[in-house]
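Take a walk through this protein with the model open beside you. We will go from its cavities to its overall build, and then into its core.

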Amino acid sequence: MSARDFWIRIESIHAVTYFAPESRAAAGDAGLQGFWMGYFGFRAAPMGAVTAGVVEAAFANFAPSMVRRAIPDAWSYADPGSLVEARASAAAAALRAAVPDIDGLAADLNPMLERAAGAGSPLGRPLFAANLAVSTPDDPVEQLWQWCTTLREHRGDGHVAALAAAGIDGCQAHQLLVAERGLPPALFFDNRGWDEEAQHTSLEVLRSRGLVQDEELTDLGAELRAQIEAITDERAIEPYDAALAATEQSELLDALTPLALAIQRSDVIPFPNPMGLPEL
């Protein structure tokens, strides 16, 4: 088992909040205008009515202009506290639609997920800290989604820190991933708001650092990508190691696997996707 094994399963559960029709409808019902205001409003809500700059820094991989089309306007349409509740309720509805027996699974999974999340360090992790402070829902499936989201943001915050330490910004991070995996650039840039000028500038910076040549990773670029992912994984596994014995981690991973598979097979999450989430 590894941090990446946990991430694929946790991310599959969390990601219904982006793609499921229940979640899109809930954002609209809450008053948010359009898909992207729903995305930014729902995901940022645990941090409160923060400014666009805070969201840009915490999310890291979106163009500032894209964030500013939604934040802070989102808070004039809906209170962040109400959005925290709405997103969990909608995610639970989506999970029940994809996995009919999820209530029983949630009852078994929640105690271990809660222990793992509670063992994570909030230092330098704004989204994790904000989600950790969210009141535990009464509904067991809402609890499951929230614990998975909290752990997901723990990993995400650590990844942003690793990118920042390597001197890689959001647009450059996408360029490296595109070069490494041979994915269509539009998959990332059309969903993250970086225009052609920003894409060109970021690619030139990577070339000047010897990380990319002819839009392919150099050995140095591949080494840097591997270092960033290794640091992300090392930090991401810490809550599980701190809270759960090896046998418990295996038990948790085994229990998460059929749940994540069922969600992926429900076609609610597209593949490939802007998160880089692979199929199980």
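How much space lies in the second largest cavity? About 40 Å³. Keep in mind that this is a predicted model. To find the spot, look for Asn131, Val134, Thr136, Pro137, Gln146, Trp147 and Thr150, which line this cavity. Helix 11 is the main contributor, giving three residues to the lining. By class, the lining holds three nonpolar and four polar residues, and no charged ones.

The structure holds two cavities of 30 Å³ or more. The largest has about 80 Å³ of space. Its lining draws on Ala3, Phe6, Trp7, Ile10, Leu151, Arg152, His154, Arg155, Ala236, Pro239 and Tyr240. Three elements give two or more residues each: helix 1 (3–14), helix 11 (140–165) and helix 16 (238–243). Here the classes divide into eight nonpolar, one polar and two charged residues.

Now step back to the whole chain. The protein chain has 17 helices and two strands. Its radius of gyration is 18 Å, close to the 19 Å that the globule rule gives for 280 residues, so the chain is as compact as a globular protein of that length. Along its principal axes, the C-alpha trace spans about 55 × 45 × 35 Å. Buried residues make up 53% of the 280 residues. Contacts across the sequence matter for the picture too. Of the contacts with a separation of 6 or more, 74% join residues 24 or more positions apart.

What fills the interior? In soluble globular proteins, nonpolar side chains tend to be buried together. In this model, the largest nonpolar core has 73 residues, and Phe40 and Phe59 have the most contacts inside it. Helix 8 (residues 80–98) gives the most to this core, with eight residues. Another core lies apart from it, with twelve residues, including Leu163, Ala166, Val212 and Leu224.

Follow Phe59 next. Phe59 is one of the buried residues of helix 5 (residues 52–59), along with Ala52, Val55, Glu56 and Ala58. These buried residues pack against helix 4 (34–44), helix 6 (64–68), helix 10 (126–132) and helix 11. Which residues does phenylalanine 59 itself contact, leaving aside neighbours within four places in sequence? They are Tyr39, Phe40, Arg43, Ala44, Met47, Leu127 and Val160.

Move on past the end of helix 5. Just after this helix, alanine 60 takes a positive phi of about 75 degrees. Phenylalanine 62 sits in the loop between helix 5 and helix 6. Is phenylalanine 62 buried or exposed? Buried means under 20% relative accessible area. Phenylalanine 62 has 3% relative accessibility, so it counts as buried. Not counting residues up to four places away in sequence, phenylalanine 62 touches Trp36, Tyr39, Phe40, Val67, Asn191, Arg192 and Trp194. Tyr39 and Phe40 also appear among the contacts of phenylalanine 59. For a sense of distance, pick out proline 140 as well. Phenylalanine 62 and proline 140 are 78 residues apart in sequence, and their C-alpha atoms are 32 Å apart in space.

Notes
Residues are numbered from 1 along each chain as its sequence is written. This is a predicted model: local features need pLDDT of at least 70, side-chain atom pairs count only at pLDDT 80 or more; totals for chains, interfaces and linings use all residues. Side-chain values use heavy atoms; hydrogens and water are left out. A nonpolar core is a set of buried Ala, Val, Leu, Ile, Met, Phe, Trp, Tyr and Cys residues joined through side-chain atoms within 4.5 Å. Buried means under 20% relative accessible area, exposed over 50%, partly exposed in between (1.4 Å probe, protein chains only). Helices (H or I, at least four residues) and strands (E, at least two) are DSSP runs, numbered from the N terminus. Contact means heavy atoms within 4.5 Å. On a 1 Å grid over the protein atoms alone, a cavity is a set of points where a 1.4 Å probe fits but cannot get out, and a pocket is an open set with protein on both sides within 12 Å along at least five of seven lines; lining residues have an atom within 4 Å of a point. Grid points are joined across faces, edges and corners, and a volume is the space filled by probe spheres set on the points. Ala, Val, Leu, Ile, Met, Phe, Trp, Tyr, Cys and Pro count as nonpolar, Asp, Glu, Lys and Arg as charged, and the others, Gly among them, as polar. The radius of gyration is taken over C-alpha atoms; the globule rule is 2.2 Å times the number of residues to the power 0.38.
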